[in-house]
Amino acid sequence: MTAPNGRPADPTRTDTVAAVVRQWQTVHPGLDTGPMEIIGRVNRCAALLQQAEDAPLRRAGLSRPEFDLLGALRRTGHELTPGDLARETFSSGAAVTKRLKLLTERGLVERRVDTRDRRVAHLRLTDAGRDLVDGILPEQLAYETAVLSVLPPEAQDELAARLGELLGRLEGGLGALRA
């Protein structure tokens, strides 16, 4: 078995992805499973982090996508249109509309109709929405800090840099990869 760097994979790894890679190597010994070593782990980490991270959101009665909308409104600091929110959160327009309806009904977001074009809505957080986001965010960051504490600061910096590099390339060229 070879790792993505071309060296033999570490047979002492015991994570779920290592087991999957070993299984694929048994079924298809000549198959280069190196990409699974990275992509599989990124996906598995993301799923596990999101499950645990969603606990504060569930306690607040929010889904992850709803919190993402609230967070986008909070961090930008100004009104956004539903289209802006769809772009900020990588969501479809229909999904944003549905979530905004629920958040508006809960009194977390308020809608203002554009004076020049009544078809356009401008959205902003209510005081309750801002307080909710500001209350949840520190709890999430504390959790993330605890999770990452298993890595020394230098490793965290390196991981952030490498993931940033990968993300930048994917965001800039994902369409070309799909073609």
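Gly129 sits in helix α6, and in this predicted model its relative accessibility comes out at 0%, so Gly129 counts as buried. I would like to start from this glycine and work outwards, since several other parts of the chain come back to it. In sequence, Gly129 and Gly107 are 22 residues apart, yet their C-alpha atoms are 7.3 Å apart in space. The backbone nitrogen of Gly129 also has a partner, because a polar atom of the Thr126 side chain lies 3.1 Å away, a pair that falls within the 3.5 Å cut-off for a polar contact.

Let me stay with Thr126 for a moment. Thr126 belongs to the loop between β2 and α6, and with a relative accessibility of 14% it is buried, because the limit for that term is under 20%. If we leave aside the neighbours within four places in sequence, the residues in contact with Thr126 are Gly107, Leu108, Val109 and Glu110. Gly107, then, appears twice in this part of the picture, once in the C-alpha distance to Gly129 and once among the contacts of Thr126.

Now to helix α6 as a whole. For its 22 residues, a rise of 1.5 Å a residue leads to an expected span of 32 Å, and the end C-alpha atoms are indeed 32 Å apart, so the two values agree. Which residues of α6 are buried? They are Gly129, Val133, Ile136 and Gln140. Viewed down the helix axis, these buried residues fall within an arc of 90 degrees, and therefore they line one face of α6. On the other side of the helix we find Asp127, Asp131 and Thr145, which are exposed. As for what the buried residues of α6 pack against, the partners are α2, which runs over 34–59, together with α3 and β2.

That brings me to α2. Its 26 residues should span 38 Å at 1.5 Å a residue, and the end C-alpha atoms lie 39 Å apart, which agrees with the expectation. Even so, α2 has a bend of about 30 degrees at Glu53, and a proline, Pro56, follows within four residues; I report the two side by side and do not assign a cause. The buried residues of α2 are Gly34, Glu37, Arg41, Glu53, Asp54, Pro56 and Leu57, so that Glu53, the site of the bend, is itself in the buried set. These residues pack against α1, α3 and α6.

Within α2, I would draw attention to Glu37, which is buried with a relative accessible area of 7%. The side chain of Glu37 is joined to that of Arg41 by a polar contact of 2.7 Å, and Arg41 is likewise listed among the buried residues of this helix. After α2 comes Gly61, with a positive phi near 75 degrees.

Turning to α1, which covers 16–27, the expected span for its 12 residues is 16 Å at 1.5 Å a residue, and the end C-alpha atoms are 17 Å apart, which agrees. Its buried residues, Val17, Ala18, Val21 and Gln25, fall within an arc of 100 degrees when seen down the axis, so they line one face of the helix. Gln23, Thr26 and Val27 are exposed on the other side, and what covers the buried residues of α1 includes α2. At the start of α1, a side-chain oxygen of Asp15 comes to within 3.0 Å of the backbone nitrogen of Val17.

Next, the nonpolar core. The largest one has 20 residues, and those with the most contacts inside it are Leu62, Leu70, Leu73, Leu85, Leu100, Leu103 and Val109. Two or more residues each come from α3, α4, α5, β2 and α6, with the largest share, five residues, supplied by α3. Taking Leu103 as an example, and again setting aside its neighbours within four places in sequence, its contacts are Leu62, Glu66, Leu69, Leu70, Leu108 and Val109.

My last point concerns Phe90, in the loop between α4 and α5. Is this residue buried or exposed? Its relative accessibility is 73%, so Phe90 counts as exposed. Its phi is positive, about 55 degrees, although Phe90 is not a glycine.

Notes: Residues are numbered from 1 along each chain as its sequence is written. This is a predicted model: local features need pLDDT of at least 70, side-chain atom pairs count only at pLDDT 80 or more; totals for chains, interfaces and linings use all residues. Side-chain values use heavy atoms; hydrogens and water are left out. A nonpolar core is a set of buried Ala, Val, Leu, Ile, Met, Phe, Trp, Tyr and Cys residues joined through side-chain atoms within 4.5 Å. Buried means under 20% relative accessible area, exposed over 50%, partly exposed in between (1.4 Å probe, protein chains only). Contact means heavy atoms within 4.5 Å. The expected span of a helix is 1.5 Å times one less than its number of residues. The arc is that of the directions from the helix axis to the C-beta atoms. A polar contact is a pair of N or O atoms within 3.5 Å; within protein, one must be able to donate a hydrogen and the other to accept it, and residues adjacent in sequence count only if both atoms are side-chain atoms. The bend at a residue is the angle between axes fitted to the seven residues ending there and the seven starting there.
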